[in-house]
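Subject: Structure for you to look at, with notes

Dear colleague,

I am handing over the structure below, and I would be grateful if you read the notes with the structure open beside them.

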Amino acid sequence: MWNDAATTMVRLTNSEIAQRLREIRALMEFAGEPFFKFMAYERAAETIENAPPLAGLIADGSLTALPGVGKTIAGRIATLAHSGSDPYLDELRARYPSTLLEVLAVQGVGMKTAQQLFERLGVASLADLERALDEGALASMPRLGAKSIENIRRGVLAYQGRTKRTPLGTALPLAREAIAFLRAMTDAADLVPAGSVRRQEPTVGDVDIVCTSANAADVVTAFTAWERARSVLAEGPTKASIWLEGGLQIDLRVLPAELYGNLLQHFTGSREHNIQFRELAVRKNLRVSENGIVDLSDGRTFVSRSEAEVYAQVGLAYIPPEMRLGTGEIEAARTGTLPRVVDLDDLQGDFHMHCTWSDGADTLETMIAAAAARGYRYHAISDHSWGRGRRGLSPDDLRAQRAQVQALGDRYGIRTLCAAEVDIRADGSLDYEDEVLAERDLVIASVHSAFAQSREAMTARLIRACENPYVTIIGHPTGRNIETFAGYDFDHDAVFAAAARTGTALEIDGQPSRLDLPSQLARRAREFGVTFACDSDAHGVAQLANVAYAVGQARRAWVTNEEVLNGRSLDRVLAFVHAKRKRLDHADPSPASSNGGPAAIPR
Ligand code: DGT
Ligand code: CA
Ligand code: CA
Ligand code: ZN
């Protein structure tokens, strides 16, 4: 940890120092210090945020040359940088609970109000404030009208929404880091994420990790001392909770090995699933708890190391964690009708990836090599079309790119399909002429513009894209962003029906910000007989692994390998492409796509 002389100088980043200066400012103001004093910390925080890394400035004593940094504050910055804290900050923290900052961060709670809430009602945390709101205690405060109280109530909700959920794509790598740390530092075994991470929920409230060990206390101690832990929320003999920088919580539970199956099942949830599981058990005269399954007829308790046994004891087939949503899986497991859902290992390829020809970070050859290294039989390079001024390819570029693929020959032992991700324009026409599309081995068509269209227009737009004989896959079909955008409005059923009728696959895009189709919709689409494509949408080699998120969502949607296009052999993929081209080109030409004539099928 302390092996590098340069890093021993400064333990905090500029933004961590700025954050602490802002904390000093907030607590000073709360304490009633004069305006000019606490505002000096605000100005210094701004300066530090925009300053170069501080080690050099501290070493030659030139911190005070920064605008807004006087002698006192320069001393505090140097102390913070060296030790991670500062006596004045410690003094303020001793006087006021750290949770007070939550209250101060709630929109609608001014400084005066926060002071009064603290003094009169003892409100020192968000939880206190929520309770005071629920109990109507705020109405007793002078100068706080109904409208202000309503504003505070909204502010609390907004604060929770802001701080509450973390994308799976952020949480799962952190869970894996914590697991790797515990594996290296302790004797813990059976380390896995549980809870919503294991269920592959697109966003998670917190991360739950379970493991087994004969030395639970040692595992807990190591966990709370992890250098990524910013604070320890709770610590007990067999469990602990920490907070990481940025506020993600990780709960660790160390379980007795003999009960591992029961407890893993319990801590995986979902709540709805567990309730239904217990209800079914009760009807069989069994009582399920985290401590085992009691047969009420003879009082015997069954405990198990394996989840499969736990389900079997209640007469159920094993239910994969992604399916434990309380949406019919228990009944299906009881009647033997649970589908065998697609597995990451089933995939033979990936259709959606970009390289430096458009907006990818890695070259064509690097992407091909990386796809081959994943063990795929085939993959498609699907760079963007040229329409919207982003780095898209012209028809000539597409031909040049194919020449480059051909020149590489069989060097990597993988078949590279020359595809494209083509914009679906506002009217449902595509960004290339049909002649150009016909030269592609397959085509992904995606909406990247005009999201605000009416439901009718968007539905017609997507159906028209499905009807184009050359469109193999509709990319990220709803356009949602899991944090910021619910997706554009369209008639889902109508588009699913069109996709099934025309032999167009719908993508399940594995980019963590997309996860699109959402699993509820993919499950609905199954009822129409839709084929899916589980894709990474990688913009660099590291993102090829995002295909695992696509598979996770497909499993949540009960999608089987047979329903996934890239679960099939290359011959069958090409047959899927050409069956649609043949059928629609000859039998049912739509007005949008009739200018192509019979396609020359590229080999
Ligand atoms: P999240 O964290 O909101 O994304 O969702 P979960 O499902 O991970 O919920 P969490 O972290 O509160 O609890 C982890 C699992 O523990 C949950 O899926 C089911 C299980 N569990 C069973 N009984 C209880 C209970 O009484 N309270 C809580 N909090 N969890 C329970
Ligand atoms: Ca959780
Ligand atoms: Ca939890
Ligand atoms: Zn893309």
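The notes below take the metal sites in turn, and then the helices, the cores and some single residues.

This is a predicted model, in which local features need pLDDT of at least 70 and side-chain atom pairs count only at pLDDT 80 or more, while totals for chains, interfaces and linings use all residues. Residues are numbered from 1 along each chain as its sequence is written, chains are lettered from A and ligands numbered from 1 in the order in which they are written, and side-chain values use heavy atoms, with hydrogens and water left out.

The zinc site

The zinc ion (ligand 4) has as its protein donors His352 (NE2), His354 (NE2), Glu421 (OE) and Asp537 (OD), which lie 2.1 to 2.6 Å from it. Donors here are N, O and S atoms within 2.8 Å of the metal (3.2 Å for Na, K and Ca), and sites may look incomplete because water is not among the atoms. The angles among the four donor atoms run from 77 to 169 degrees, and the site is irregular; four donors would count as tetrahedral if all angles lay between 85 and 135 degrees, four count as square planar and six as octahedral if opposite donors are over 155 degrees apart and all others between 65 and 115, and anything else is irregular. Along the sequence the donor residues of this zinc ion are spaced H-x1-H-x66-E-x115-D. Distant parts of the chain are linked here, with His354 in the loop between S11 and H18 and Glu421, 67 residues apart from it, in strand S14 (residues 421–423). Helices (H or I, at least four residues) and strands (E, at least two) are DSSP runs, numbered from the N terminus. His354 is buried, with a relative accessible area of 0%, and Glu421 counts as buried at 1% relative accessibility, where buried means under 20% relative accessible area, exposed over 50% and partly exposed in between (1.4 Å probe, protein chains only).

The two calcium ions

The calcium ion (ligand 2) and the calcium ion (ligand 3) are 3.6 Å apart, and Asp206 coordinates both. For ligand 2, the protein donors are Asp206 (O), Asp206 (OD) and Asp208 (OD), at 2.1 to 2.8 Å from the ion, and the site is irregular, with angles of 68 to 165 degrees among its six donor atoms. For ligand 3, the protein donors are Asp206 (OD), Asp206 (OD), Asp208 (OD) and Asp251 (OD), at 2.3 to 2.7 Å, and the donor residues are spaced D-x1-D-x42-D in sequence. Both Asp206 and Asp208 are buried, the relative accessible area of Asp208 being 12%.

Helix H24 and its surroundings

Helix H24 (residues 547–556) is largely enclosed by the rest of the structure, because nine of its ten residues are buried. These buried residues pack against helix H11 (168–185), strand S11 (349–350), strand S17 (505–509), helix H23 (519–526) and strand S18 (532–535). Arg556 is found in this helix and counts as buried at 7% relative accessibility. The side chains of Arg556 and Glu201 are joined by a polar contact of 3.1 Å, a polar contact being a pair of N or O atoms within 3.5 Å, of which, within protein, one must be able to donate a hydrogen and the other to accept it, and residues adjacent in sequence count only if both atoms are side-chain atoms. Just after H24, Trp558 takes a positive phi of about 70 degrees.

The nonpolar cores

A nonpolar core is a set of buried Ala, Val, Leu, Ile, Met, Phe, Trp, Tyr and Cys residues joined through side-chain atoms within 4.5 Å. The largest core has 61 residues, among which Leu462 and Ile474 touch the most other members, and helix H18 (residues 364–373) gives the largest share of this core, six residues. A second, separate core of 56 residues includes Phe30, Leu66, Ala81 and Val106. Leu462 is one of the buried residues of H21, and helix H21 (residues 455–467) itself has 13 residues.

A partly exposed residue

Glu439 lies in the loop between helix H20 (434–438) and strand S15 (444–446) and counts as partly exposed at 30% relative accessibility. The side chain of Glu439 makes a polar contact of 3.0 Å with the side chain of Arg399.

With best wishes

Key. Expected span 1.5 Å × (residues − 1). Contact = heavy atoms within 4.5 Å.
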